[in-house]
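Student: I would like a close look at a single part of this model. Please take me through it step by step.

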Amino acid sequence: MTSASTAGVVVVGGGQAGFSVVSTLRASGYDSPVTVLAAEPHLPYQRPPLSKKAHTDAVRAELVPESFYRERDIDLRLGDAAISVDTAARTVTTASGTHIPYEHLVLATGARNRPLPAPGAELDSVHALRSLDDALTIGQALTTAREVVVVGGGFIGLELAQVARARGAQVTVVELADRLLSRAVSPQVQEHLRERHEQAGVRILTGTAVRAIEGTKHVRRVVTDRGVLPADLVVYGIGAAPRDELARDAGLAVDDGVIVDAHLRSITDPRVFAVGDCARHPHPYAEGLVRLESVQNATDQGALVGRRIAGSTPVPYTSLPWFWSDQGDIKLQIAGLRMNTDDVYLATGDSPERLAAYAFRDDRLVAVETLNWPAEHLAARRLLEQSAPVCAADLAGSTLGALTRARRAAGVGG
Ligand SMILES: Cc1cc2nc3c(=O)[nH]c(=O)nc-3n(C[C@H](O)[C@H](O)[C@H](O)COP(=O)(O)OP(=O)(O)OC[C@H]3O[C@@H](n4cnc5c(N)ncnc54)[C@H](O)[C@@H]3O)c2cc1C
């Protein structure tokens, strides 16, 4: 069965990036058929609130109401996953047995959590967090949990640790690496965050491996290489892997993500684009190809592909990466990409809670991490987007906010 007579755009994945593609297509005047295949039964929603709020009831983080899709003639097929793509025939087959033709295919399949490689990970009350359903399950478990072990000291683990703490549970974070957020932020910010979490009553065990989770049906304890932790709830966040199997099975180039060019087109088939968490792409802020997992990246990539398919002049993807993580009362924000940086300078703001870390590569500012300092984060985004570089001497003893004001006064920069 073929469901549409005119082939238009088929988007696989009803998440942040898929939504950005289809909303941009229609906003840009594209009037051919637009179909979204969404594996989950829910309207497209935002994931960030899932780890930042304590969910007790049906949380709704929907991006837009259902009427948005209806009014724009977007064929949103909830609960019908794409199971195969035939790039020669240009059709997608869905789990319900429908074959949908496409002129352009956009893969926006996101990522999945890496499984916890420990015996006992299959017990009740051991959970990972990615979907709305996961968040509701964890929220329900938190209403009774007293001893929570969070495996993984990354963004999601640290956010959940604070959510569990706010519910009054005893919380221990177990992290294999010697530091929290070991690859994501500078050592200075890692240390600062550790202190802040410990002050909030979260116990942090770095350099510690989980050996097993024990219990009969429910969790009783977590066995680590440095001792046993009592637990009645285990949540883990130990990284994600791109959902790129549909692309791989279709014969498209894949290597820890769908490999695309600077215009986000598959390097194997120019009618196929990949956006968001599932795409590995060139980026002017990186050396080589990168795969980014952030709302900014998903939104900006989706918009770029939507405009391109709707007929605007092709432009490469060059958006400045930025990210945030709310961990209790700590707001961490990152602008730029901290890869192969050589020096990090620190500035403290006008209160002890504020901190900024400036990372340089070859004496050029490439990334800025801030804690509870949104104004400095915004100044960083503006300066990193400008072509005028910032070197260490420009910043010595000062802040980007002050540098921006000085440059404006001197008639330099925006
Ligand atoms: C708990 C959590 C908290 C986060 N917090 C932040 C934050 O604070 N700041 C930030 O910048 N980023 C955050 N992120 C990351 C951000 O949410 C992701 O980078 C973003 O959602 C990526 O968008 P996407 O569309 O690529 O993938 P997703 O939003 O994951 O959407 C992909 C969708 O595709 C569907 N799908 C997969 N395969 C198929 C198929 N074959 N057929 C049909 N559908 C399919 C999936 O079910 C999924 O719904 C967080 C992520 C999580 C999980």
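Student: What distance, taken over C-alpha atoms, separates the centres of domain 1 and domain 3? Please describe how these two domains meet, and then the five-strand sheet.

Tutor: The model is predicted, with pLDDT of at least 70 needed for local features and 80 or more for side-chain atom pairs, while totals for chains, interfaces and linings use all residues. Residues are numbered from 1 along each chain as its sequence is written, and side-chain values use heavy atoms, leaving out hydrogens and water.

The centres are 32 Å apart, taken over C-alpha atoms. Domain 1 covers 8-112 + 240-309, domain 2 covers 115-236 and domain 3 covers 329-409; these bounds come from an automatic or database domain assignment.

Where domain 1 and domain 3 meet, five residues of domain 1 are in contact with six residues of domain 3 (contact means heavy atoms within 4.5 Å). About 490 Å² is buried between the two domains, and carbon and sulfur atoms give 60% of that area; buried area is the accessible area, found with a 1.4 Å probe, that two parts lose on being put together, summed over both. Zero salt bridges are counted between domain 1 and domain 3 (a side-chain nitrogen of Lys or Arg within 4 Å of a carboxyl oxygen of Asp or Glu). One residue pair is in polar contact across this interface, with both residues at pLDDT 80 or more. A polar contact is a pair of N or O atoms within 3.5 Å; within protein, one must be able to donate a hydrogen and the other to accept it, and residues adjacent in sequence count only if both atoms are side-chain atoms.

Now the sheet. It is open, has five strands in the order S21-S22-S25-S24-S23, and its pairing is antiparallel. Strands (E, at least two residues) and helices (H or I, at least four) are DSSP runs numbered from the N terminus, and two strands pair if DSSP finds at least two bridges between them. Strand S21 (322-327) and strand S23 (343-348) are the edges, each pairing on one side only. From one strand to the next, the twist averages 15 degrees. Helix H8 (residues 374-385) packs on this sheet and touches S21, strand S22 (330-336), S24 and strand S25 (364-371). The direction of H8 makes about 5 degrees with that of S22; axes are lines fitted to C-alpha atoms, for helices over the stretch in contact, and angles run from 0 to 180 degrees between N-to-C directions.

At the S23 edge, six bridges join S23 to strand S24 (residues 355-361), and the two run antiparallel. Here aspartate 343 stands opposite phenylalanine 360 in S24.
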